[in-house]
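This report describes selected features of one structure, moving from its aromatic residues to its metal sites and then to several individual elements. The sequence and the structure are shown first.

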Amino acid sequence: LAKSGGGGGVSRYDSEIDRADRDRGTRVEELRAALDLGRPDPGEQFVIYYQPQVDVRSLAVTGVEALVRWQHPGLGLLAPGEFIDLVEKYGLMPELTARVLGEAAAQAARWQADGVPLRMSVNISTSFLTHPELLPLLDTVLASTALDPALLVLEVTETTLMADAVRGLEAAHAIAARGVGLSIDDYGTGYSSLAYLNDLPATELKLDQSFVSRLVVDDRTAAIVAATIELAHRLGLRSIAEGVEDDATLAVLETLGCDECQGYLHSRPRPIASLEPWLRARRALLARRGVLGASAT
Ligand code: C2E
Ligand code: MG
Ligand code: MG
Ligand code: MG
């Protein structure tokens, strides 16, 4: 191994790994501290952004998806891609999900009380779907908010379900028994079978962004999307497309009969202070359009 000139390269590589390990270690400690409910004032570092889901034909808002961000004291606003894996790996998902689900359900309950109900979708990770704390948490949140369970949707991926197919199916039935919706997120990219889908008490199929983004330019992708929407409808599920970024894609989705869409075309995920005025503006626009539509006939 004592190759000439190789030593420097090896030790530099080692020190980079050391530093990456150290950074990860620091990040995990910071996550633990930020999630520690026992501390007097941990400071709220986890912020929920909400992305509207829109009816493809009417453009009315039907619901929102809760997407967590970490307001890191030194690094700024971090997207889930930068910390969710650590949360999962270090067993912190029960604490994070309790916060996100609790706050998201409380928000949905406020809209319900205000007479403008919207569905609230919350992502559930692989480890947490079959975790013993999921159902007690769900029951506590539903009881304490008085939210209509039908206004709550849990999003799980095929990969999450198939990680333990039998217990995943049991969890899905327990969720359905409470009247809570179940969305198969990123549908079409995982390894679940049609037989499994047949047994699953889901309420929604969410077409993965990778299909949606190629829909307009690729006939084969369009065929897959058309068949998936048809499949969803035949099974009595709502179809929703994620990652809709342009009008051309929306037009094809409408032609194919997709029920709802979500993406930058309508809105990026927003903090609640920015979502509320956006929702009011959207309602005002639809009301004006409704009035114009009625007077034109
Ligand atoms: P996801 O559930 O599939 O969420 C969709 C992701 O696509 C979000 O990324 C969203 O911001 C992004 N997106 C929405 N519209 C568009 C678009 O038009 N174009 C493009 N390019 N992207 C779009 P985000 O917020 O970074 O979240 C990434 C993933 O992190 C989520 O994927 C979800 O799996 C996970 N995640 C987010 N919040 C939570 C949470 O509270 N708990 C758990 N367990 N996972 C979460
Ligand atoms: Mg999702
Ligand atoms: Mg998704
Ligand atoms: Mg996706």
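## Aromatic pairs and basis of the model

Rings of Phe, Tyr and Trp (for Trp, the six-membered ring) are taken as a pair if their centres lie within 6.5 Å, and planes under 30 degrees apart count as stacked, over 60 as edge-to-face and the rest as tilted. The model is a predicted one, in which local features need pLDDT of at least 70 and side-chain atom pairs count only at pLDDT 80 or more, while totals for chains, interfaces and linings use all residues. Residues are numbered from 1 along each chain as its sequence is written, chains are lettered from A and ligands numbered from 1 in the order in which they are written, and side-chain values use heavy atoms, with hydrogens and water left out.

Four aromatic pairs are found in a search of the whole structure. In one of them the ring centres of Phe46 and Phe83 are 6.1 Å apart and the planes stand at 55°, so this pair is tilted. It links distant parts of the chain, since Phe46 belongs to strand E1 (residues 46-55) and Phe83 to the loop between strand E3 (76-78) and helix H2 (84-89), 37 residues apart; helices (H or I, at least four residues) and strands (E, at least two) are DSSP runs numbered from the N terminus. Trp70 and Phe83 form an edge-to-face pair, with 5.7 Å from centre to centre and 75° between the planes, and here Trp70 in strand E2 (residues 61-72) is 13 residues from Phe83 in sequence. Phe46, Trp70 and Phe83 thereby appear as one aromatic cluster. Phe46 and Phe83 are both buried, as is Trp70, where buried means under 20% relative accessible area, exposed over 50% and partly exposed in between (1.4 Å probe, protein chains only).

## Charges over rings

Two arginines lie over aromatic faces, a arrangement counted if NZ of Lys or CZ of Arg is within 6 Å of the ring centre and within 35 degrees of the ring normal. Arg69 lies over the face of Tyr49, at 5.3 Å from the ring centre, and Arg268 lies over the face of Tyr264, at 3.9 Å from the ring centre.

## Magnesium sites

Donors are N, O and S atoms within 2.8 Å of the metal (3.2 Å for Na, K and Ca), and water is not among the atoms, so sites may look incomplete. The magnesium ion (ligand 3) has as its protein donors Asp185 (OD), Asp186 (OD) and Glu242 (OE), lying 2.0 to 2.3 Å from the ion, and along the chain these donors follow the spacing D-D-x55-E. Asp185 bridges this ion and the magnesium ion (ligand 2), the two ions lying 3.8 Å apart.

For the magnesium ion (ligand 4), the protein donors are Asp186 (OD) and Glu242 (OE), at 2.2 to 2.3 Å. Asp186 lies in strand E6 (residues 181-187) and Glu242 in strand E8 (residues 238-242), so the pair ties together parts that are 56 residues apart in sequence. Asp186 also bridges the magnesium ion (ligand 4) and the magnesium ion (ligand 3), which are 3.0 Å apart. Asp185 counts as buried because its relative accessibility is 7%, and Glu242 counts as buried at 11%, whereas Asp186, at 24%, counts as partly exposed.

## Helix H7 and strand E7

Helix H7 (residues 165-177) has 13 residues that should span 18 Å at 1.5 Å a residue, and its end C-alpha atoms are 18 Å apart, which agrees; the expected span is 1.5 Å times one less than the number of residues. Its buried residues are Gly168, Leu169, Ala171, Ala172, Ala174 and Ile175. H7 is followed by Gly179, whose phi is positive, near 80°.

In strand E7 (residues 204-207) both faces are covered, with Glu204 and Lys206 buried on one side and Leu205 and Leu207 buried on the other. Strands E6 and E7 run parallel and are joined by three bridges, where strands pair if DSSP finds at least two bridges between them. Leu205 in E7 is the bridge partner of Ile184.

## Arg282 and Asp114

Arg282 is placed in helix H12 (residues 272-296) and counts as buried at 13% relative accessibility. Not counting residues up to four places away in sequence, Arg282 touches Val54, Leu59, Val61 and His266, contact meaning heavy atoms within 4.5 Å. The C-alpha atoms of Arg282 and Leu59 are separated by 8.7 Å, although the two residues are 223 residues apart along the chain.

Asp114 is found in the loop between helix H3 (93-113) and strand E4 (119-123), and is exposed, with a relative accessible area of 59%. From C-alpha to C-alpha, Asp114 and Leu194 are 40 Å apart in space and 80 residues apart in sequence.
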